[in-house]
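Biologist: I'm new to this one, so could you take me through a single part of it up close? Plain words are fine.

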Amino acid sequence: MQPLQTLLVVDDDLDIRDALQDVFELEGYAVLLAADGLEALAQLRQVETPPRLILLDLMMPRMDGFAFREALRHEAALSDIPVLVASADLDVKGAAEGLDVAGWLRKPLDLSELLSAVKRLSQAA
């Protein structure tokens, strides 16, 4: 049996984290959750096998998505993990530019669009 691909969901909204965990687990993924960039970095530094994809909110307390992405770039073992930005920012594309991310989606998320992007990006990794 093939091991589950792991995703990391980084979002400060507990309801969004829980809903995405449910959706991704139903699709056969293992899911790690973090409430902000600091928590996400701590988890990434502890896991044996890094996730295949990070779904990242941009606006969060303590460490936002911009600072998290910058920190991730400086960690050789983690810098190649594809990042998919999900944000309610009206100009999410503009906000994601310069972050060297694999893609972006606007919140509220369209489930089929999200699953399609996750499948494509996690398999490409």
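Biologist: Where is aspartate 64 found?

Modeller: Aspartate 64 sits in the loop between strand 3 and helix 3. Before we look around, bear in mind that this is a predicted model: local features need pLDDT of at least 70 and side-chain atom pairs count only at pLDDT 80 or more, while totals for chains, interfaces and linings use all residues. Residues are numbered from 1 along each chain as its sequence is written, and side-chain values use heavy atoms, with hydrogens and water left out. As for the elements, helices (H or I, at least four residues) and strands (E, at least two) are DSSP runs numbered from the N terminus.

Back to the loop. Aspartate 64 is partly exposed, because its relative accessible area is 25% (buried means under 20%, exposed over 50%, partly exposed in between, with a 1.4 Å probe and protein chains only). Along the sequence, aspartate 64 and glycine 94 are 30 residues apart, and their C-alpha atoms are 16 Å apart in space.

Two other residues of this loop deserve a look. Arginine 62 lies between strand 3 and helix 3 too, and at 63% relative accessibility it counts as exposed. Arginine 62 isn't a glycine, yet it has a positive phi of about 60 degrees. Most residues other than glycine have a negative phi, and most peptide bonds are trans. Aspartate 57 is also in the loop between strand 3 and helix 3 (65-73), but with 6% relative accessibility it counts as buried. The UniProt record, an unreviewed entry, marks Asp57 as "modified residue: 4-aspartylphosphate"; such annotations may be inferred rather than shown by experiment, with positions given in the numbering used here and feature names shortened.

Asp57 also takes us to a cavity, since it is among the residues lining the largest one, along with Val9, Leu55 and Lys107. A cavity here is a set of points on a 1 Å grid over the protein atoms alone where a 1.4 Å probe fits but cannot get out, and lining residues have an atom within 4 Å of a point. The whole structure holds one cavity of 30 Å³ or more, and the space in the largest is about 40 Å³ (grid points are joined across faces, edges and corners, and the volume is what probe spheres set on the points fill). Strand 1 (6-10), helix 1 (14-26) and strand 3 (53-56) each give at least two residues to that lining.

Strand 3 runs up to our loop, so to speak, so who are its partners? Strand 1 and strand 3 pair in the parallel sense over four bridges, where pairing takes at least two DSSP bridges between two strands. Valine 9 stands opposite leucine 55 in strand 3 and opposite leucine 33 in strand 2. Strand 1 itself is mostly covered, with four of its five residues buried.

One last stop is Lys107, from that cavity lining. A cis peptide bond joins lysine 107 to proline 108, with omega about -5 degrees. Proline 108 has its place in the loop between strand 5 (103-106) and helix 5 (111-124).

Notes: On a 1 Å grid over the protein atoms alone, a cavity is a set of points where a 1.4 Å probe fits but cannot get out, and a pocket is an open set with protein on both sides within 12 Å along at least five of seven lines; lining residues have an atom within 4 Å of a point.
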